[in-house]
Amino acid sequence: MNITLNKKLNHHQKNNLYRHRRIRKHAETQVNFSSNDYLSLSKHPELIQSFQTAAKKYGVGSGASQLITGHYDAHHDCEFAFAEFLKRDRALLFGNGYMANLGVIDALTDTGDVIFQDRYNHASLLDGGRFSKANSQRYFHCNMEDLDKRLKKSSAKNHLLISDAVFSTDGNITPITTLSKIAKKYRASLMIDDAHGIGVLGKNGGGTLETCKLSQEDSPVLVCPLGKAFASYGAIVSGSTSLIETLIQFSRSYIYTTALPPALAAANLTSLALIQKESWRREKLQSLIIFFKEKAAERGIVLRPSNTPIQAIKIGDPIKAIQISEQLYQKGFLVSALRPPTVAMGESILRVTLNTSHNEQDIVRCLDAFILSSQFKNTPHPNPLPQGERGLAVPERKMRSHKTQSPLSLQEGTGRARAKNEISRNTVPSPLAGRDWPCQGEK
Ligand SMILES: Cc1ncc(COP(=O)(O)O)c(C=O)c1O
């Protein structure tokens, strides 16, 4: 076995794709531009206090799965509070976002159904499609015409449309209102993962759906992982009572795993209260995004179109991306390089994430460090047409493809759709135009 494994590892290394974990220490000096703790709540005294108090009360582990004896009042209270916050009938607390996505797709699909996913969806969604008995197709990124065409061709009885709300690599937002209209037109179910929007977007932090004024009827399945702006752990799935009861009965990643520690459920509840109470955090974050984009433009640094805290800078070559990331680290900044398979071949990026603990000086110093990096040469955008897939843990050919779709037509279409998308995404109003995030990609 080891010989085969070593061969695979060597091949990975040769392609400059080998990954290493950075051991972080408590008292590091680097400014972190790679954290998803967008509102900087993870060290909030009230959050720490509630976690400690609940750990004293319940102990550390939940001791069993939800349906055995692991479901505590802390879980229950958390679910009720999130249902109310999100204006949805019910909510269910999963172990984390990855398990929520697998479990929802598993419970909602069966043999003969077809799942349509944006091709840049998060790996957990793509894996959900991969493990489901349904067929999967990936439509071109944010391309609603392509999705519509695919649905028109499909003869399946049940369709599930799935998209990230805010795409985790580039930070752009899916054209969610159109997506919802298409779902209604074809009587398809719609599942939205708002991992990077919840807490951050919307006046009350209600995420992308709040910003775009979409109700439970418009977007019936909503997944909100809580490890990002909520600075905790777990994931809330929300929707109708029928949806939640179906998940409790049939979602394997909900049923067959130890329940989230109740102290984390209690912490999630406190996070939710803080997110609603401390709206200044969202306002500060938005000012920092605007400032970052202005200062990047002044320095000729080309960013992917995004009005969210996720700001991506294309580098292309994975070695260069790693070298720049390392040089930034030496200068005092943590900025992650994303390489294939997280992004497509030749599409490596540096992914900057902003959070409310940053200040304008940090941003200016970080952008100056980019300019000073010996490897940094910004690649103009729009990019050459991407080859292959992006954000794909699952290569297309390994997904069960729909009978009407040839791999060739997919490859030919990718570029055109992408180029078209770039144009429409670039016409989105700049965040300078308003105090709230626009629904990106919407006309
Ligand atoms: C869009 C999206 N969905 C789901 C997840 C998985 O959530 P979790 O980290 O809670 O497993 C992530 C990130 O990790 C993500 O970015």
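Author: Let's start with a convention: Ala, Val, Leu, Ile, Met, Phe, Trp, Tyr, Cys and Pro count as nonpolar, Asp, Glu, Lys and Arg as charged, and the others, Gly among them, as polar. Keep in mind that this is a predicted model.

Reader: Okay, so how many residues of the shell around the ligand are nonpolar, polar and charged?

Author: The shell divides into four nonpolar, seven polar and two charged residues. Of the 13 residues around the ligand, the ones that come nearest are Asn 96, Gly 97, Tyr 98, His 122 and Ala 195.

Reader: Which helix gives the most to that shell?

Author: That's helix H5 (residues 97-108), with three residues. H5 has 12 residues and reaches 16 Å from its first C-alpha to its last, close to the 16 Å expected at 1.5 Å a residue.

Reader: Is H5 mostly covered or mostly open, and how many of its residues are buried?

Author: Mostly covered. To call a residue buried, you want 20 or more other C-beta atoms within 10 Å of its own. In H5, 11 of the 12 residues are buried, among them Gly 97, Met 99, Asn 101 and Asp 106.

Reader: Now the sheets. What's the strand order in the open sheet of seven strands?

Author: The general idea is that strands of a sheet pair through backbone hydrogen bonds, either parallel or antiparallel. Here the order is S2-S8-S7-S6-S5-S3-S4, and the pairing is mixed. Strand S2 (90-94) and strand S4 (135-139) are the edge strands, each pairing on one side only. On average, neighbouring strands of this sheet are turned by 20° against each other, direction ignored.

Reader: How many bridges join S7 to S8?

Author: Four, with strand S7 (residues 221-225) and strand S8 (residues 235-239) running antiparallel. As one example, Pro 225 has Ala 235 in S8 as its bridge partner.

Reader: And which strands does helix H4 lie across?

Author: H4 (residues 73-85) lies across S2 and S8, at about 130° to S2. Helix H8 (residues 176-185) lies across strand S5 (159-164) and strand S6 (189-193), at about 155° to S6.

Reader: What about strand S12: which residues sit on its two sides?

Author: In a regular strand the side chains alternate between the two faces of the sheet. For S12, Ser 348, Leu 350 and Val 352 are on one side, with Ile 349, Arg 351 and Thr 353 on the other, and all are buried.

Reader: Which strands does S12 pair with?

Author: Six bridges join S12 to strand S9 (residues 310-316), antiparallel, with Ile 310 partnered by Thr 353. Strand S11 (residues 336-338) also pairs with S12 in the antiparallel sense, over three bridges, and there Leu 338 partners Ile 349.

Methods
Residues are numbered from 1 along each chain as its sequence is written. This is a predicted model: local features need pLDDT of at least 70, side-chain atom pairs count only at pLDDT 80 or more; totals for chains, interfaces and linings use all residues. Two strands pair if DSSP finds at least two bridges between them. Axes are lines fitted to C-alpha atoms, for helices over the stretch in contact, and angles run from 0 to 180 degrees between N-to-C directions. Two residues are in contact if their C-beta atoms, placed from the backbone, lie within 7 Å. A residue is near a molecule or strand if its C-beta atom, placed from the backbone, lies within 6 Å of it. The expected span of a helix is 1.5 Å times one less than its number of residues.
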